[in-house]
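Here are some notes for a colleague, set out as numbered points to be read alongside the coordinates.

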Amino acid sequence: QWPILEAFAKQLKWPVNGRLENLSAEEFKDILTAAFNQETVRLAMGINGGVVMLGARTSKMKKAVFSQWLEFLHATAVDRGVDVHAS
């Protein structure tokens with residue numbers, strides 16, 4: 001997951017408090033896990049709009065859910081034009 005999240009951090013700016021900003025891989029993880037879990041509430045803009053509550057933990061996911069999470073990351077990267085293979 002971390003190489004994909006690093007690609008998001010390097011290639012995208014994200015609206016935070018009304019301004020486009022560079023975010024860390026950890027911050028993108030918060031945004032993306034919230035979207036994966038269908039949550040909406042906190043400072044960062046969500047993948048599908050709205051506001052996202054930050055803080056879901058992938059370390060608590062079971063293997064099958066983590067596999068779905070990785071598929072979600074890849075699909076979202078494609079949707080957002082993030083090249084996960086770029087160095």
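1. Which residues in helix H1 (residues 2-11) are buried? The model is a predicted one, and within it Ile4, Leu5, Ala7, Phe8 and Ala9 of helix H1 are buried. These buried residues of H1 pack against helix H2 (25-36) and against H3, while Phe8 also belongs to an aromatic cluster that it forms with Trp14 and Phe28.

2. Trp14, a member of that cluster, lies on strand S1 (residues 13-16), where the side chains alternate: Trp14 and Val16 point to one face and are buried, whereas Lys13 and Pro15 point to the other face and are not buried. This can be set beside the general pattern, since in a regular strand the side chains alternate between the two faces of the sheet.

3. Strand S1 runs antiparallel to strand S2 (residues 19-22), and 4 bridges join the two; in this arrangement Lys13 stands opposite Asn22 of S2. The two strands form a hairpin with 2 residues between them, and Asn17, which sits in the turn, has a positive phi of about 50°.

4. The structure holds 5 aromatic pairs. One of them is formed by Trp69 and Phe72, whose ring centres are 6.1 Å apart and whose planes meet at 20°; because planes under 30 degrees apart count as stacked, this pair is assigned to that class. Both residues belong to helix H3 (residues 63-80), and because they are 3 residues apart there, about one helical turn separates them.

5. Are the two partners of this stacked pair buried or partly exposed? Trp69 has a relative accessible area of 0% and is therefore buried, whereas Phe72, at 21% relative accessibility, counts as partly exposed. The cut-off deserves attention when Phe72 is described, because buried means under 20% relative accessible area.

6. Thr58 is found in the loop between strand S4 (51-52) and H3, and at 6% relative accessibility Thr58 counts as buried. The side chain of Thr58 makes a polar contact, at 3.2 Å, with the side chain of Lys29. Leaving aside residues up to four places away in sequence, Thr58 touches Gln1, Lys29, Thr33, Phe66 and Trp69, so that Trp69, already described as buried with a relative accessible area of 0%, is among the contacts of this loop residue.

Technical notes
Residues are numbered from 1 along each chain as its sequence is written. This is a predicted model: local features need pLDDT of at least 70, side-chain atom pairs count only at pLDDT 80 or more; totals for chains, interfaces and linings use all residues. Side-chain values use heavy atoms; hydrogens and water are left out. Rings of Phe, Tyr and Trp (its six-membered ring) pair if their centres lie within 6.5 Å; planes under 30 degrees apart count as stacked, over 60 as edge-to-face and the rest as tilted. Buried means under 20% relative accessible area, exposed over 50%, partly exposed in between (1.4 Å probe, protein chains only). A polar contact is a pair of N or O atoms within 3.5 Å; within protein, one must be able to donate a hydrogen and the other to accept it, and residues adjacent in sequence count only if both atoms are side-chain atoms. Contact means heavy atoms within 4.5 Å. Two strands pair if DSSP finds at least two bridges between them.
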